[in-house]
Each structure stands twice: as structure tokens, then as C-alpha cells.
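Trainee: I've got a structure on my screen and no idea where to start. Could you walk me through it?

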Amino acid sequence: MNVRHLTAARPGHFFAMGLGLAIIGCAAPVAAWAQQPAPATAVSEENFGDPLENTNRAIFGFNQQVDKIVLVPLATTYKTVLPGPVRDSVHDFLRNLDEPIIFANDVLQARPDLASTTLARFVVNSTIGIGGLWDPATKMHLLYHSNDLGVTFAVWGIGSGPYLILPILGPSNVRDAIGLAGDGYADPGNIIASDNHVVWAAFARAGTEGIDARSSNIKTLADIERTSLDYYATIRSLYRQRRAAEIRHEYTNIPNVSPVQGGDDTAAPPISYQVAPGSSPVEAPKK
Amino acid sequence: MMRRYSKVTAIVVLAVACLGGSPRANAAPDPVAFVTALGTQAIQVLGPQVSEERRLAQFRELFRDDFDVPRIGAFVLGRYWRIATPQERQEFLRLFQEYIVQAYSARLGQYAGQPFRVLGSRPAGDEIIVRSQVVRNDGSAVTVDWYLVNDGGRLKITDVYVGGVSMKVTERDEFGAIIQRNGGRIEPLLAALRQKVGAAN
């Protein structure tokens, strides 16, 4: 149940630009609650942070149709036509393009530990990894983590605002949607594409990211849809919990049990899981 | 000589401590061993060589024996648990158990036969959290946290967090949404569960 994938991990920054700008237009009234501290994972039992539920459900239904008619067939074809190693390279390449924005957010969150890892990954993968087509950094125990402006806002104490289903892009909220737009706007790759009048390249990247993300969770999402009573409510819960975990950076830099793809067999040492009293790397569930 | 004596003493002290400790009613079993055995078993059961029928049967058994179903059920219904009649509670627990078995035996299929390792444990209030890690089919690792209580000398699972996502919070949110959209009544949820559970049988 990897929700990071189903939110299409940073799907299409560029699409998001226009979309996010439209949202910023209606963001002014939102500024008031934005000042309130983030309510962590506590979900109001009354409305699940989802006052726009009826609209969201309608857009969710539309997205499901698009998913069924366009995205899943594309993702399935992508998976069938391209051999695994090629898809891995596409995936690594797209991830590498994201690293500058991840680095910027690591810095904005005052996390030199994360920032140095991201920087090292970008340097290693862009050079030894030939422009990011391979990911030798992971084998050097420089592990990937995601980060984005939505997380940065949350770390700064800005609340999520109402839950939103964005057309095509899927689950989000006001804070994360603005973050998505900001990331897309600031992305060096997009800026270079725009400056060189090859905006199509930014769109191609966004589209490929969407297909790459979708192709990795076709069965997972189908299983959740088939087995849940209320798919919309389940996705909403998964999104909120997953984002909360990302904001805590709880699962960042956890070494892998075994080498990811072949590679040398220097399994990472077991992590000591004794934690000092007072610190709480694992958030206890709200009772 | 001194060395030998101290060794003998240590063994005697240890033996006495063990004997003295064993009659305690709540002698806690080892949470790490518990989760190791359980996780390994679950991952085997998920494998493709196991028939759908047997997988469901095994999950049913596992969930009934090793999960604190009443406690999870009460949490999942939240404030509606308190307004539910005894009959509603009873039926809910029965349906909920079967629903979880069917949903999660499918949803966890992506972890079938993958490497599983327990990393350690720590106390959290009256619970014990055991952290483990499992590798997904695509090679990426996911952290799985098991929340356990000592239920009269037996360990029982109260929640499982997969990659930061809690099973019982997910179900509380889903069921709460259904109850809320049906005017705060529990019966429509029970009807939906009956249909879901029945349809898959």
C-alpha cells in the first residue's frame, strides 16, 4: 500500500504550475487557517478534513475514468513493451532530475543531513551514473528520499487546509497543491526547458513521471479498489497518513535489508532501535 | 579460581532468577520472536504456491488467534462503538474480521515470499512496538511496525503500520465515512460489510 506512488510521486510539475496558480487565486481565505499549527495526524471524525467532499468525489470519479481509459492502458503498455532495465533507467533518470528540488526543500527544512545526501546522490548519479540513467549512489548507501514544498510548508507549521482531489493529479490538499505548483515553478529542468522554448520537454517529463509512477502500482491500486467498501474514503485516509509520515521524515534513510538490484552484497547493518526517552521516531497512533 | 567461582555463582544466580521469575502470571513472551515467526509465516502464506482458499483460511486463523480483534474493532468504530447495541457490536466484529482477512490477504500480496527481517523492539505506553522490514517485489524496502499488547501472558497485535500507514486508522476512516454518509447509523455499514464479505465467499 504505497501511497506515495499513488499520489504519482511528484506527478507533472509543469501541469501543476498552471493548476496551482489557479488554486493560489482562491488561497487568500485559506490564509487564516494556514496560520494554525499543523494538526499532525489527528483527523476530525466529523468531516475528515474534507469539507469539499461532494466536489472531490465528483472529480475522483472523473479521475477514475481517465485512469481506466488512458493511464492504466498506457502504463500497462509501457510495462509490456519496455524491458525492465530500460524502465529502471527511465525511473532513475526522472528521479535524478528531481534531486535539485529535493535538495532545495532539504535546505528549506534546515536538514543538512538530508541535503548532503541529496547533493551527493545528484553528483554521483549525474557523473558515474551517466546523467542519472543509473543509480550507483544507492549502492554506496546514499539512499533516496523524497521531499517537496508541501512537506516544507508543513515543517514550517502550516496546516494542510481542506483535502482536495486535483483533476488527473489525484489526492492533495490546499497546502500540498500550492507546494506542487511552487516546486514545478522553481524546478531547474523546467526553467531550462522554458528558456530554450522546448516547453514540450517539461510536459513529456511530467507525462513520463505519471506513467512511471502508475506502472509501479497497477495491481496494488486495483486490489485496494476491489477490496475496499469505500474506495474514495480509503484513498483519502491513505493519502493523509502517508503525507504525515513523509512530513515526519520517519522512513527517510532507513537502510535496505538487502541490496536493491544486484550489486555487492554488503547488507546494511541492523539499526539499533533503542531510542532515547523523549524522542519519538515512531509516532504512536492517536488513541 | 576466582574466575571459576564467579562463573558458577553467576549461573546459580541466573537459574534462581529464572525459576523465581517463571511463576509470574504475565511473563512476557519475546515480542521479537513472536513477530519473526508471525511475519515469516504470513509472507509464506501469501506466496503464489498457496491456493486462494488456503490463504484465506490461514489468514482467518492468524487474525483470530494473534490479533486483538475486539480492541481493534472498538477502535475502528470509534464513537459509534459506544452507541452500538450488543447485537450490532457482535455482528460488526464477526463481519469486520472476515473483511480484514479478505482485504489484506489481497492487499499484502505484493510482499509474497519477500525477505523479511525484524529490526528491534521498544515499549510505547502499555504497548510494544516491533519494527521490521520487508522488501517489495520491485526491490524497495518497506518498514512494518507491529503494535503488541501483553494480553494475560499472550502477545496480541493491536495494529500494523506499513510504511507509516496504520491498518486500524485506515479502517476507522473508511468505516467512519460510510457511517457518516448514512446519517450516523451503523446498520448501513453492516449491510455493506455483509454484502462485501458474502460476495467474495
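Mentor: Let's go through confidence, then chain B, then a few spots in chain A. Keep in mind that this is a predicted model.

Trainee: What scores does the predictor give the complex?

Mentor: The complex gets an ipTM of 0.83 and a pTM of 0.79. For chain B, the average pLDDT is 84, and 83% of the residues score at least 70.

Trainee: Which elements of chain B have the lowest and the highest mean pLDDT?

Mentor: Helix 1 (residues 2-21) of chain B is the lowest, with a mean of 49, while helix 7 (residues 167-181) of chain B is the highest, at 95. Over residues 12-25 of chain B the pLDDT is below 50, and that stretch has three contacts in the model beyond near neighbours in sequence. Here's the general idea: where pLDDT is low, don't read the predicted coordinates in detail.

Trainee: Got it. How many helices and strands does chain B have, and in what order do they run?

Mentor: You'll find eight helices and five strands in chain B. From the N terminus, six helices come before the five strands, and two helices follow. Of the 201 residues of chain B, 36% count as buried. Also, among its contacts between residues at least 6 apart in sequence, 51% join residues at least 24 apart.

Trainee: Over to chain A. Is Pro85(A) buried or exposed?

Mentor: Count neighbours: 12 or fewer other C-beta atoms within 10 Å makes a residue exposed. Pro85(A) has 10, so Pro85(A) counts as exposed. You'll find Pro85(A) in helix 5 (residues 84-108) of chain A. For a sense of scale, its C-alpha atom is 30 Å from that of Tyr239(A), 154 residues apart along the chain.

Trainee: Where does helix 4 of chain A bend, and by how much?

Mentor: Helix 4 (residues 53-81) of chain A bends at Asp67(A), by about 50 degrees.

Trainee: And which residues of helix 4 of chain A are buried?

Mentor: In a helix, residues three or four places apart point the same way, because an α-helix has 3.6 residues a turn. In helix 4 of chain A, the buried ones are Glu53(A), Asn56(A), Leu71(A) and Ala75(A). The buried residues of this helix pack against strand 1 (163-166), helix 11 (199-215) and helix 12 (218-227) of chain A.

Trainee: What length does helix 11 of chain A reach?

Mentor: Helix 11 of chain A has 17 residues and spans 25 Å from first C-alpha to last, close to the expected 24 Å. Its buried residues include Ala202(A), Arg205(A), Ala206(A) and Glu209(A).

Conventions
Residues are numbered from 1 along each chain as its sequence is written. Chains are lettered from A and ligands numbered from 1 in the order in which they are written. This is a predicted model: local features need pLDDT of at least 70, side-chain atom pairs count only at pLDDT 80 or more; totals for chains, interfaces and linings use all residues. Helices (H or I, at least four residues) and strands (E, at least two) are DSSP runs, numbered from the N terminus. A residue is buried if 20 or more other C-beta atoms lie within 10 Å of its own, exposed if 12 or fewer, and partly exposed in between; C-beta atoms are placed from the backbone. Two residues are in contact if their C-beta atoms, placed from the backbone, lie within 7 Å. The bend at a residue is the angle between axes fitted to the seven residues ending there and the seven starting there. The expected span of a helix is 1.5 Å times one less than its number of residues. pLDDT is the predictor's confidence in each residue, from 0 to 100.
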